[in-house]
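Visitor: I am new to this structure and should like to understand the terms used to describe it. May I see it before we begin?

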Amino acid sequence: SAIIDLYHELMPNNPRCKVINNARRKTIVARWKEAAKMDCQPFGYNNKDDGLIAWRQFFSVCAESEFLTGRTQPLPGRPPFIADIDFLLSPNGFIKCLENKYHRG
């Protein structure tokens, strides 16, 4: 729940997690373990405190993205995209966010 708490704190205008089911728990655990083993900033940690610091930094960077927070001009006839926790922690979404694919300008 600490990861979800950080997401809610740092991305308050993005969709809130109302249900924490087994699928979400598994995804969060998988990303936590994956990030702990990474050798790129802000990840690569050995304990919970360092991990939470890294995830705080990750969500802070995501919160700066106009695309991930729905502040970009949407395509005609479509609502703006707003990333939810499932997108940010999906295997592909996580890597793209980590590589700053959603920061323009």
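Guide: Let us begin with a definition: helices (H or I, at least four residues) and strands (E, at least two) are DSSP runs, numbered from the N terminus. His8, for instance, has its place in helix 1. This is a predicted model, in which local features need pLDDT of at least 70 and side-chain atom pairs count only at pLDDT 80 or more, while totals for chains, interfaces and linings use all residues. Residues are numbered from 1 along each chain as its sequence is written, and side-chain values use heavy atoms, with hydrogens and water left out.

Visitor: Why is His8 called buried?

Guide: Buried means under 20% relative accessible area, exposed over 50%, and partly exposed in between (1.4 Å probe, protein chains only). His8 has a relative accessible area of 14%, and therefore counts as buried. The buried residues of helix 1, which spans residues 2-10, are Ile3, Ile4, Leu6, Tyr7, His8 and Leu10.

Visitor: Against which helices do the buried residues of helix 1 pack?

Guide: They pack against helix 2 (22-37), helix 3 (48-64) and helix 4 (85-89). Contact here means heavy atoms within 4.5 Å. His8 itself is in contact with Arg16 and Cys17, leaving aside its neighbours within four places in sequence.

Visitor: What makes the pair of Glu9 and Arg56 a salt bridge?

Guide: A salt bridge is a side-chain nitrogen of Lys or Arg within 4 Å of a carboxyl oxygen of Asp or Glu. The side chains of Glu9 and Arg56 meet at 2.9 Å, N to O, so the pair satisfies the definition. Glu9 lies in helix 1 and Arg56 in helix 3, so the salt bridge ties together parts that are 47 residues apart in sequence. The structure holds four salt bridges.

Visitor: How do you know that Glu9 and Arg56 are partly exposed?

Guide: Glu9 has a relative accessible area of 46%, and Arg56 has one of 35%. Both values fall between the two limits already stated, so both residues are called partly exposed.

Visitor: Which residue forms a salt bridge with Arg31?

Guide: Arg31 pairs with Glu34, their closest N and O atoms being 2.7 Å apart. Both residues lie in helix 2, three residues apart, about one turn of the helix. Arg31 counts as buried at 9% relative accessibility, whereas Glu34 counts as partly exposed at 27%.

Visitor: Which side chain meets that of Asp86 in a salt bridge?

Guide: The side chain of Arg24 does, at 2.9 Å, N to O. Asp86 lies in helix 4 and Arg24 in helix 2, so this pair ties together parts that are 62 residues apart in sequence. Asp86 is partly exposed, with a relative accessible area of 34%.

Visitor: Which residues line the largest cavity?

Guide: They are Ile4, Arg24, Thr27, Ile28, Ile85, Asp86 and Leu89. Helix 2 and helix 4 each supply at least two residues of this lining.

Visitor: Why is Phe81 called partly exposed?

Guide: Phe81 has 31% relative accessibility, a value between the limits for buried and exposed, and so counts as partly exposed. Its place is in the loop between helix 3 and helix 4. Phe81 touches Phe67, Leu68, Thr69, Gly70 and Phe87, not counting residues up to four places away in sequence.

Definitions and conventions
On a 1 Å grid over the protein atoms alone, a cavity is a set of points where a 1.4 Å probe fits but cannot get out, and a pocket is an open set with protein on both sides within 12 Å along at least five of seven lines; lining residues have an atom within 4 Å of a point.
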